[in-house]
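Trainee: I would like a close look at one part of this model. Please take it slowly and then set it against the rest of the chain.

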Amino acid sequence: MAEFWFNTKTHEVEEGKVSPAVDRVGPYATRDEAAHAIETIKARNAALDAEEAADD
């Protein structure tokens, strides 16, 4: 089963561990999920920020 990664330097989806770990996020199950990695990361960060604010 293939793994897809989002390269944060080039903003391209890669199949497999092509780039150095510092330049990629993932793995994602599909190319489409990897393509939307930035949106997913932003949504997760917003949820964590909201959770943290509620704890304060």
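In which helix does Ala34 lie, and what surrounds that residue?

Mentor: Start with a caution: this is a predicted model. Ala34 lies in helix α1, which covers residues 31–35. Its relative accessibility is 0%. Buried means under 20%, so Ala34 counts as buried.

Now look at what touches Ala34. Set aside the neighbours within four places in sequence. Ala34 is then in contact with Phe4, Trp5, Phe6, Val13 and Tyr28. Take Phe4 from that list. Ala34 and Phe4 are 30 residues apart in sequence. Their C-alpha atoms are 6.0 Å apart in space. Phe4 belongs to strand β1, residues 4–7. Val13 belongs to strand β2, residues 13–15. Tyr28 belongs to strand β3, residues 24–28. Ala34 thus has contacts in β1, β2 and β3.

Ala34 is also part of the largest nonpolar core. That core has 5 residues: Phe4, Phe6, Tyr28, Ala34 and Ala37.

Turn to Tyr28, another core member. Beyond four places in sequence, Tyr28 is in contact with Glu3, Phe4, Glu33, Ala34, Ala37 and Ile41. Three of these, Phe4, Ala34 and Ala37, share the core with Tyr28.

Stay with strand β3 for a moment. Pro27 is in this strand. A cis peptide bond joins Gly26 and Pro27. Omega there is about 10°.

Ala29 comes next, in the loop between β3 and α1. At 46% relative accessibility, Ala29 counts as partly exposed. Leaving aside neighbours within four places, Ala29 is in contact with Ala2 and Phe4. The C-alpha atoms of Ala29 and Trp5 are 9.0 Å apart, with their positions 24 residues apart along the chain. Phe4 therefore recurs: it is a contact of Ala29, of Tyr28 and of Ala34.

Compare two other loops. His11 sits in the loop between β1 and β2. Its phi is positive, about 60°, although His11 is not a glycine. At 54% relative accessibility, His11 counts as exposed. Val22 sits in the loop between β2 and β3. Val22 also counts as exposed, at 71%. The C-alpha atoms of Val22 and Asn7 are separated by 9.1 Å. Those two residues are 15 apart along the chain.

Now step back to the whole protein. There are 2 helices and 3 strands. From the N terminus, the order is β-β-β-α-α. The radius of gyration is 13 Å, well over the 10 Å that the globule rule gives for 56 residues, so the protein is more spread out than a compact globule. Its C-alpha atoms fill a box of roughly 40 × 20 × 15 Å along the principal axes.

Burial comes next. Buried residues make up 20% of the 56 residues, and Ala34 is one of them. The protein exposes about 4,200 Å². Carbon and sulfur atoms supply 53% of that area.

Contacts along the chain can be put in numbers too. Take the contacts with a separation of 6 or more: residues 24 or more positions apart account for 24% of them. The Ala34 contact with Phe4 spans 30 residues.

Charge closes the picture. The protein has 6 positive and 13 negative charges. Their mean positions are 8 Å apart.

Terms used. Residues numbered from 1 in each chain as written. Predicted model: local features only at pLDDT ≥ 70, side-chain atom pairs only at ≥ 80, totals over all residues. Heavy atoms only, no water. Core = buried A, V, L, I, M, F, W, Y, C linked by side-chain atoms within 4.5 Å. Buried < 20%, exposed > 50% of the residue type's maximum accessible area, 1.4 Å probe, protein only. Contact = heavy atoms within 4.5 Å. Helix = DSSP H or I, 4+ residues; strand = E, 2+ residues; numbered from the N terminus. Rg over C-alpha atoms; globule rule 2.2 N^0.38 Å. Areas by Shrake-Rupley, 256 points an atom, 1.4 Å probe, with all protein chains shown as cover. Lys, Arg positive; Asp, Glu negative; His and termini not counted. Charge placed at Lys NZ, Arg CZ, Asp CG, Glu CD.
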